[in-house]
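Colleague: I have a structure open and want to test the labels attached to it. Can you walk me through them?

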Amino acid sequence: MSSRIKAFCLFLFISLLPAISLAQRDYNSYEQLTARLKKMSLQYGRLCTVTSIGKTATDKEIWLITLGRENAPGKPAVAIVAGVHATQLATTELAMQLAEQMLFSATIHDSTAQLLSEKTFYILPNVNPDASEQYHEKLRWERTGNAQPRDDDRDGRIFEDPFDDLNGDGLITLIRVQDSSGTHRVSKHDARVMTWANKAAGEKGTHQVYTEGIDNDKDGLFNEDAEGGVNFNKNFSYAFEDFKRETGEHPMSERETKAFADFMVTAPNIHSVFVFGPATTLLHGPTSDEKISSNSAVLKAAVKDDSVTATVANIYKASIPTIGAQKVDPSPGDVVQWAHLHYGRFSYSTPGWWIPQLSIEAPDSSSKQELQDLSFLEWAKLNDMPGVFLDWQPVSHPDFPGKQVEVGGFAPYAQNTPPVYLLSAVAKSHLQFFAKYGNQMPKLQIVNFKAERTQDNNTRITADIKNTGKLPSHAAVGDYLQWVQKIKISLKLEEGQTIVQGKSVTSYTSLKGGEKISVTWVVKGAGYVVVEVNSPTAGSQTKQIALKQ
């Protein structure tokens, strides 16, 4: 290699170092994410489009990536939604890396190219950008509400009790106040960790714990009215909680949730919704109960869909190592329950990444949260992640005169933001899962298609409509909702032909994988007739047959 080439390679390597370093340790701001999306659309213009479904209160776009550009609305689709809980920045990064890997794979692997030619993937990488942007602000704290001003404590004032940076480090952590009647105690395994005192087991509390700040409005609460409005993942209509913090004035009250719901209901081809969010239904499975509906038929349909979720969960766990993942149930007003029970689609949720559960020796009385905190600290140490925990420092606090007060704890976002480079392998595993899932999605076909002459000189047309996929054509709950278009079977005639028996258009409910239905018509006349089966979520097929003379 010549000296000039060596010098150029060295220059190129050095020039890329800052970008590589940033990619390994940090997460995209809104502007960086937007630039990354624009680059994606230019690089893979034949395979994807990047559009906006709406804007936030601060005029940020809510971006949508559509993979499988050719006839995207006409193919069965999967929707992948990330950033629903704004502190889980890893979900946005995972969604982006998944899209990038899928697009790159489609340029070199026929199987991925085939997948995108038959299926559409809608990816929304960040549905609450106003909240997640707090990670990049001068004062970093775990914000979950959007930028719509809201009086959370309902005292007629807005943002009068924000977080206060008591030690001036630009990070909002916790304060612990020594108190013999406190609710928390120091972990017996690691003195940095605070955990709830189990008083039923005879444990005594040693501290009260609050978020870092001052009781600015002197109402006995800390930081209860900081900047930020409504949580995207609390603003949906299923099990919506009125008059609760961050839920909103009414279901779908926010720009973000309304834009999302508007897009979803105008995309009838969406078969399944995958949420990268807190709930772990894709890992542990949901449990439907009578709270879902007073209608026994709807309840039965929901339970039937749960059996499909259990099957899909097995496919997921075969692709994604799930050891150590804590079970998190869906919460009131969240998107994953809305997508199933009010939108009528198969709906699954996974955080995508979680704190690995290590084999640490901890007291039997440790809570799940304490074990998770201990595991994270050990994992961070093994992966050389400095700065994830801020050691406790004494401070003088005006609300606790004469008491020992310390500031410290986990850095904001630390437990939800692994080093970005670690997510590459996670995205690859999810790509493998979605490839498997796409190949098991429903596909309607016309089989056993025959024409026979009847005794009265007409033609009997018979056909079986079969779902040759392994998953149902649509969710069973969808049979009871207007948002889901059912299977439609049509018989199209030429001029001079008439139907003697049967209907020209018939709708059918969900077909399980491998299941079929038989249809029959008797037609009078000569020429050809066309049978068409169509389902936005399971595909379509058209076949022609000659009438018997």
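**Labels and what backs them**

Modeller: The protein chain has eleven helices and 20 strands. Keep in mind that this is a predicted model. Of its 549 residues, 52% count as buried. Among contacts between residues at least 6 apart in sequence, 73% join residues at least 24 apart.

Colleague: Start with the helices. Why are H3 and H4 called roughly perpendicular to each other?

Modeller: Helix H3 (residues 89-108) and helix H4 (residues 110-118) pack at an angle of about 115°. Roughly perpendicular covers 65 to 115 degrees. H3 and H4 therefore take that label. Their axes are 6 Å apart, and H3 passes H4 in a left-handed crossing.

Colleague: Which residues make the contact between H3 and H4?

Modeller: On H3, Met102, Ser105, Ala106 and Ile108. On H4, Asp110, Thr112, Ala113 and Leu116. By class, this contact has five nonpolar residues, two polar and one charged.

Colleague: Now threonine 195. What makes threonine 195 buried?

Modeller: Its relative accessible area is 4%. Buried means under 20%. Threonine 195 is therefore buried. This threonine sits in strand S7 (residues 194-196). Leaving aside residues up to four places away in sequence, threonine 195 touches Thr183, His184, Arg185, Ser367 and Glu370.

Colleague: How do you know that strand S9 is largely enclosed by the rest of the structure?

Modeller: Count the residues. S9 spans residues 270-276, and seven of the seven are buried, so the strand is largely enclosed.

Colleague: Which strands pair with S9?

Modeller: Strand S3 (residues 77-82) is joined to S9 by six bridges, and the two run parallel. Strand S10 (residues 346-350) is joined to S9 by five bridges, also parallel. Two bridges are enough to call strands paired. Six for S3 with S9 meets that cut-off. Five for S9 with S10 meets it as well.

Colleague: Which residues are bridge partners there?

Modeller: Alanine 82 has phenylalanine 276 of S9 as its bridge partner. Phenylalanine 276 in turn has threonine 350 of S10. Serine 272 is partnered by phenylalanine 346 in S10.

Colleague: What makes S10 mostly covered?

Modeller: Five of its five residues are buried. Look at the two faces. Phe346, Tyr348 and Thr350 point one way from S10, while Ser347 and Ser349 point the other way, and all are buried.

Colleague: There is a four-strand sheet too. In what order do its strands run?

Modeller: The order is S17-S15-S19-S20, in an open sheet with antiparallel pairing.

Colleague: Why do S17 and S20 count as edges?

Modeller: Strand S17 (505-508) and strand S20 (539-546) each have a single partner strand, so one side of each is left without a neighbour in the sheet. As for twist, neighbouring strands of this sheet are turned by 15° against each other on average, direction ignored.

Colleague: How do you know that S15 and S19 pair?

Modeller: Strand S15 (residues 487-492) and strand S19 (residues 528-535) share five bridges, in the antiparallel sense. Pairing asks for at least two. Five bridges satisfy that. For a spot to click on, leucine 491 stands opposite valine 531 in S19.

Notes: Residues numbered from 1 in each chain as written. Predicted model: local features only at pLDDT ≥ 70, side-chain atom pairs only at ≥ 80, totals over all residues. Heavy atoms only, no water. Axes fitted to C-alpha atoms, helices over the stretch in contact; angles between N-to-C directions. Parallel < 35°, antiparallel > 145°, perpendicular 65-115°, else oblique. Left-handed = near helix turned anticlockwise from the far one by under 90°. Contact = heavy atoms within 4.5 Å. Nonpolar A, V, L, I, M, F, W, Y, C, P; charged D, E, K, R; others polar. Buried < 20%, exposed > 50% of the residue type's maximum accessible area, 1.4 Å probe, protein only.
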